[in-house]
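Here are some short exercises to work through with the model open in your viewer. Try each task before reading its solution.

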Amino acid sequence: MKQFLYSFLLVILINTLSALRIEADHYGFKPGAQRNYKQGTWDVGTTDLSEGSGKIWNFSLPQTGYVHNSYFSSSGHPDFPDANLRCSYTQFVNGILDTGTIYLQNNSTDIITLGYTGAPNMVWNPGIPNGLPHTLGKTWQGTHNWTHGAYDISGKVISEGMISTTLGSFPALCVRYHYVSGSFSYYYYQWECAEYGIVAYANTLNGNMLYVLNEAEPNVSPAEDLLAAQVPILNVYPNPASDTIFVIPPAKGAWELRLYDIRGKALPKLGNFCTESTPEEIRIELSTLGLAPGIYILQARNGSQTILKRIVIRTR
């Protein structure tokens with residue numbers, strides 16, 4: 001029965017990590033959150049913007065500018081009465097240092113951009129939806145008015161694949177937005193994963209600009225909530241890691257350690273280890289395993305006892 005339970009948990013965890021459905025909670029837009037991006041010029045020709053599945057995207061950190069986003073609760077603003085969230089940003093882009101606040105409404109299903117601070121405040125009517133939840137092929141569109149006129153805005157989830165940044169490699173969706181006014185037209189792309197939400201975005205303004213996430217708290221999946229309920233708990237640190245991890249089993253004895261990839265494929269066994277006290281660390285050298293950055297599932301077995309733990313391997 002225990003073996004069936006842990007096999008069931010493994011299947012749930014793998015399916016959760018593999019499912020390309022991005023919801024509002026994945027964005028990490030919540031009071032107290034900090035999400036920081038590096039900014040620079042985007043070489044559009046090096047990015048696969050075709051539609052379909054099986055895409056591969058690799059983004060290194062730009063070094064020209066930055067955007068720092070801090071999130072807070074919001075209520076009662078006269079120009080944004082429906083806002084329950086605000087994002088205060090500081091950015092250095094194209095040699096210009098700027099600060100401001102974006103007002104948002106998170107209705108649990110979607111996140112709506114209501115407008116920005118300015119003189120006067122710039123209010124979208126109606127607010128601009130992100131179109132969440134996102135799945136491959138989803139489309140939406142609308143006409144939105146603000147201080148500078150009306151825009152026809154359309155969105156489409158154009159592709160799915162794997163994205164690699166300094167935070168690791170993750171299954172991702174690419175979303176394309178098209179902004180059109182009477183005299184203006186541009187595209188905005190964003191790459192999303194369940195682990196970090198919007199992990200990169202780019203637009204065709206000002207000679208094409210790219211933003212790549214470099215600091216944010218990762219999300220916890222529903223499957224991990226199930227795993228968190230397991231007793232005992234397998235501790236692993238650091239996590240994410242790049243070269244070395246330390247595994248702390250919940251009890252002394254003989255432990256077999258094994259990794260699985262996000263598709264459930266068993267990788268070569270890490271080895272058999274014997275701990276003589278509790279807690280006692282087992283050192284694993286990731287750098288010798290030849291593993292690509294990304295998400296893996298660590299399985300620890302001690303007789304009939306099996307424990308699972310998600311780990312993230314980052315770019316070295």
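## Exercises on rings, cysteines and a buried acid

This is a predicted model, in which local features need pLDDT of at least 70 and side-chain atom pairs count only at pLDDT 80 or more, while totals for chains, interfaces and linings use all residues. Residues are numbered from 1 along each chain as its sequence is written, and side-chain values use heavy atoms, with hydrogens and water left out.

**Exercise 1.** Classify the pair Tyr 187 and Tyr 189 by its ring geometry.

*Solution.* Start with the rule: rings of Phe, Tyr and Trp (its six-membered ring) pair if their centres lie within 6.5 Å; planes under 30 degrees apart count as stacked, over 60 as edge-to-face and the rest as tilted. A search of the whole structure gives 24 aromatic pairs. For Tyr 187 and Tyr 189, the centres are 6.3 Å apart and the planes differ by 25 degrees, so the pair is stacked. Next, look at accessibility, where buried means under 20% relative accessible area, exposed over 50%, and partly exposed in between (1.4 Å probe, protein chains only). Tyr 187 is partly exposed at 32%, whereas Tyr 189 is buried at 8%.

**Exercise 2.** Do the same for Tyr 237 and Phe 246.

*Solution.* Their ring centres lie 5.3 Å apart with 20 degrees between the planes, which again gives a stacked pair. Tyr 237 is partly exposed, at 36% relative accessible area; Phe 246, at 18%, is buried.

**Exercise 3.** How many disulfides does the structure hold?

*Solution.* The test is a pair of cysteine sulfur atoms within 2.5 Å. The count is zero. As for surroundings, Cys 174 is buried, with 0% relative accessibility, and Cys 274 is exposed, with 58%.

**Exercise 4.** Asp 110 is buried: which side chain of opposite charge is nearest, and what does the Asp 110 side chain reach?

*Solution.* First, place the residue: Asp 110 sits in the loop between β5 (96–106) and β6 (111–116), where strands are DSSP runs (E, at least two residues), numbered from the N terminus. Second, check charges, with Lys and Arg positive, Asp and Glu negative, and His and the chain ends not counted. A salt bridge needs a side-chain nitrogen of Lys or Arg within 4 Å of a carboxyl oxygen of Asp or Glu. The nearest opposite charge is Lys 138, 6.6 Å away, and Asp 110 has no salt bridge. Third, look at the backbone: the Asp 110 side chain reaches the nitrogen of Asn 130 at 3.4 Å and that of Gly 131 at 3.1 Å.

Key. Helices (H or I, at least four residues) and strands (E, at least two) are DSSP runs, numbered from the N terminus. A polar contact is a pair of N or O atoms within 3.5 Å; within protein, one must be able to donate a hydrogen and the other to accept it, and residues adjacent in sequence count only if both atoms are side-chain atoms.
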